[in-house]
Amino acid sequence: MIRFLFVALILVSNSIFSILEIEILKGSDNLSKIAFVPFGVDDGIEESYGRQISRNIEKNMLLFGEFENLPKSEMLSYPSSGNDFYYRDWKVLGVDYSVIGKVNSVNSLGNLNISYSLFNINRRIKLLEGEIVGSEDNIEGISKIISNRIYEEITGLKGIFDTKLAYVINSDADTYQMCISDIDGKNEQILFSSKAPIMSPDWSPDRKKMAYVSFENGLAEIFIQDLQSGERNSIQALGMTNSAPVWSPDGKSLALVVSFSGNPDIFLYSINSKRLIRLTNHYGIDTEPSWSPDSKKIIFTSDRSGSPQLYEINTQSKRKKRLTRDGNYNARGRYFPDGKSIFFVHGNNGNFQIATKKLSSRYIETLTSTSLDESPTISPNGNIIIYATKDGSNGYLGGITLDGKSRFSLPVKNGSVREPAWSPLLN
Amino acid sequence: MNKALTSLNTFFLVLLFLSLIFSIFSIPKLNIDKTQSIRVNFYELIQEEDILFDSSFPKTTVKKETKKTSATDEKIKAAEAAIVSKFKINKLDIKNEISKIKLSKEREDILRVSAIIQARISSIWIKPNSLSESLIAKVSINLAPSGELLNFDLIEPSINSSFNNSILTAMNKMTFFEEVLSLDRKLFEQNFRNFNLVFKSSGEIE
């Protein structure tokens with residue numbers, strides 16, 4: 001009897017005090033579907049302005065394969081304001097979000113006044129409403145600002161459509177070019193050309209300068225180039241060779257590799273005082289430093305254990321910690337913008353792929369499926385990694401979103417592209 | 001003579017005890033695991049249970065001699081009492097086992113429906129990417145017996161608004177949870193009238 005009562009009590013207590021909880025860990029592999037409705041224009045304004053802006057926004061948002069679009073031919077209407085917007089017209093088409101807008105006016109100086117809105121169709125709410133004024137000569141720039149706001153509203157991550165990419169093009173055996181372009185490959189500029197190799201470009205946090213390595217004088221030298229004036233200066237009087245410069249988050253110093261007698265070690269170099277502070281001192285090769293976002297630590301590659309592995313050093317205490325143990329090749333480590341994870345090149349059976357690792361975890365996760373990946377760089381919002389890879393002998397830039405849903409390659413350049421470096425966000 | 005009768009009685013009592021034990025163990029195996037429970041015909045089992053514990057069912061197994069000495073009566077009574085007490089324990093065991101089977105069947109139904117709901121929500125939830133951030137949000141669900149989603153509420157939002165928004169967007173795509181229609185009404189009321197969905201950004205929560 002007692003046992004019966006006990007069982008009954010458990011049942012009753014279960015039904016009274018606990019509530020069923022179902023865990024949802026896995027999300028859908030589908031992409032959010034967005035309708036980019038052609039922007040309307042007010043009376044007397046060229047229709048092409050509206051179409052151009054919505055087309056640019058659409059291109060931006062689809063650039064990294066994170067969203068799916070609704071073809072214009074399937075749209076039931078082209079609303080340009082909230083008054084003529086009906087959720088059911090979009091719900092029936094399986095749309096998750098709709099972007100609408102209108103060019104309201106153009107003043108005598110050629111400045112456009114544009115209003116735009118973003119709707120969440122499933123929740124039946126307007127997520128975003130904004131207005132922007134910009135020159136008719138800068139429709140691309142205006143579109144990028146609107147795209148950033150929409151992207152941020154949908155994903156919760158900073159928009160990156162006005163960021164830039166630096167890379168090195170090796171157009172033939174004797175020509176190396178240091179280039180920068182918009183993230184979509186447009187507006188390419190050549191910063192510096194040389195007959196000798198150029199490598200390891202790194203943006204200053206204010207996006208005004210670039211540090212890189214050039215072999216133009218026969219040895220590896222570090223140069224800092226002002227992007228506006230084009231003026232370039234080498235960092236003088238270091239060791240025999242100097243390489244792998246990386247700006248500190250405050251822009252006041254560089255972490256770099258100096259080799260005084262053929263043994264590379266990690267140093268800090270103060271831009272103002274030109275003082276050099278040694279961080280590592282080991283007979284093994286220490287190279288490829290990179291700062292943690294809080295400036296307290298530096299990740300670097302070292303073969304001190306017999307194979308290239310990633311280590312972390314505290315810049316104050318100089319205490320070191322080994323970060324990777326899987327496989328016999330882990331190199332070119334970088335921190336995620338939140339500092340909680342790292343990404344790097346992981347070698348396994350002759351394949352070199354981009355991998356990630358949470359610093360709190362023992363396990364690594366391989367992201368890419370190509371086999372000769374190198375020089376990964378991450379978007380400033382921490383969501384996309386671009387890396388150099390090869391198709392035969394031709395190098396190109398591949399990319400992947402961190403959820404693995406989208407893999408893409410950037411537009412092919414005239415020559416092999418290597419050493420990508422994603423710029424910081426504009427402040 | 002008396003001795004002979006006593007021996008005979010004892011023999012019958014032992015026989016009776018053995019037959020009882022045999023009858024108990026001839027019931028379909030009750031102490032079963034989850035997989036076995038699927039194979040058991042639950043309806044037949046309940047009927048057998050009713051027969052076993054039905055007071056009107058002739059208890060032919062216990063026969064009393066009409067003429068006995070008081071000493072023998074006492075012995076018999078004591079033996080009977082022992083058997084009955086043993087039998088009672090077995091009855092309890094059986095009932096417990098049947099309760100266990102019922103619970104196991106209910107648990108299976110709950111798990112089955114929960115798994116379908118889990119898969120459906122997963123198929124419509126477009127989870128924002130958050131590699132390093134471990135987030136949890138809880139949504140309470142209120143269903144009608146028809147499976148219609150009457151109400152949902154983000155009762156424990158995460159600290160990340162886009163994570164919360166993605167959950168609300170997914171929940172707004174749901175109108176019906178048809179899978180609960182296959183459930184016994186009592187089970188629905190106990191478990192699925194109100195339940196929670198716990199959304200996690202990753203399997204590993206720090």
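This is a short conversation about reading the cavities and one sheet in a predicted model.

Visitor: Before we start, what should I keep in mind about the numbering and the model?

Guide: Residues count from 1 along each chain as its sequence is written, while chains are lettered from A and ligands numbered from 1 in the order in which they are written. The model is predicted, with local features needing pLDDT of at least 70, side-chain atom pairs pLDDT 80 or more, and totals for chains, interfaces and linings using all residues; side-chain values use heavy atoms, leaving out hydrogens and water.

Visitor: How many cavities of 30 Å³ or more does a search of the whole structure find?

Guide: On a 1 Å grid over the protein atoms alone, a cavity is a set of points where a 1.4 Å probe fits but cannot get out, and lining residues have an atom within 4 Å of a point. Points are joined across faces, edges and corners, and the volume is the space filled by probe spheres set on them. Here the search gives three. The largest has a volume of about 410 Å³. Its lining has 32 residues, and the closest to the centre are Ser32(A), Thr155(A), Ile126(B), Lys127(B) and Pro128(B).

Visitor: Which element gives the largest share of that lining?

Guide: Elements are DSSP runs numbered from the N terminus: helices are H or I with at least four residues, strands E with at least two. In this case α5(B) gives the largest share, six residues.

Visitor: And what is the second largest cavity lined by?

Guide: That one, about 90 Å³ in volume, is lined by 14 residues, with Leu165(A) and Leu397(A) among those nearest its centre. β8, β9 and β29 of chain A each give two or more residues to the lining.

Visitor: Now the sheet. In what order do its four strands stand?

Guide: Two strands pair if DSSP finds at least two bridges between them. The order here is β1(A)-β3(B)-β1(B)-β2(B), an open sheet with mixed pairing. β1 of chain A and β2 of chain B stand at the edges with a single partner strand each, so one side of each has no neighbour in the sheet. Inside chain B, β1 and β3 run antiparallel, joined by seven bridges, and Ile141(B) stands opposite Phe195(B) in β3(B).

Visitor: Which strands does α5(B) touch as it packs on the sheet?

Guide: Contact means heavy atoms within 4.5 Å. Angles run from 0 to 180 degrees between N-to-C directions, with axes fitted to C-alpha atoms, for helices over the stretch in contact. α5(B) touches β1, β2 and β3 of chain B, its direction making about 20° with that of β1(B). Helix α6 of chain B also packs on the sheet, touching β1 of chain A together with β1 and β3 of chain B.

Definitions and conventions. 1 Å grid on protein atoms, 1.4 Å probe; cavity = no way out; pocket = protein on both sides within 12 Å on 5 of 7 lines; lining within 4 Å.
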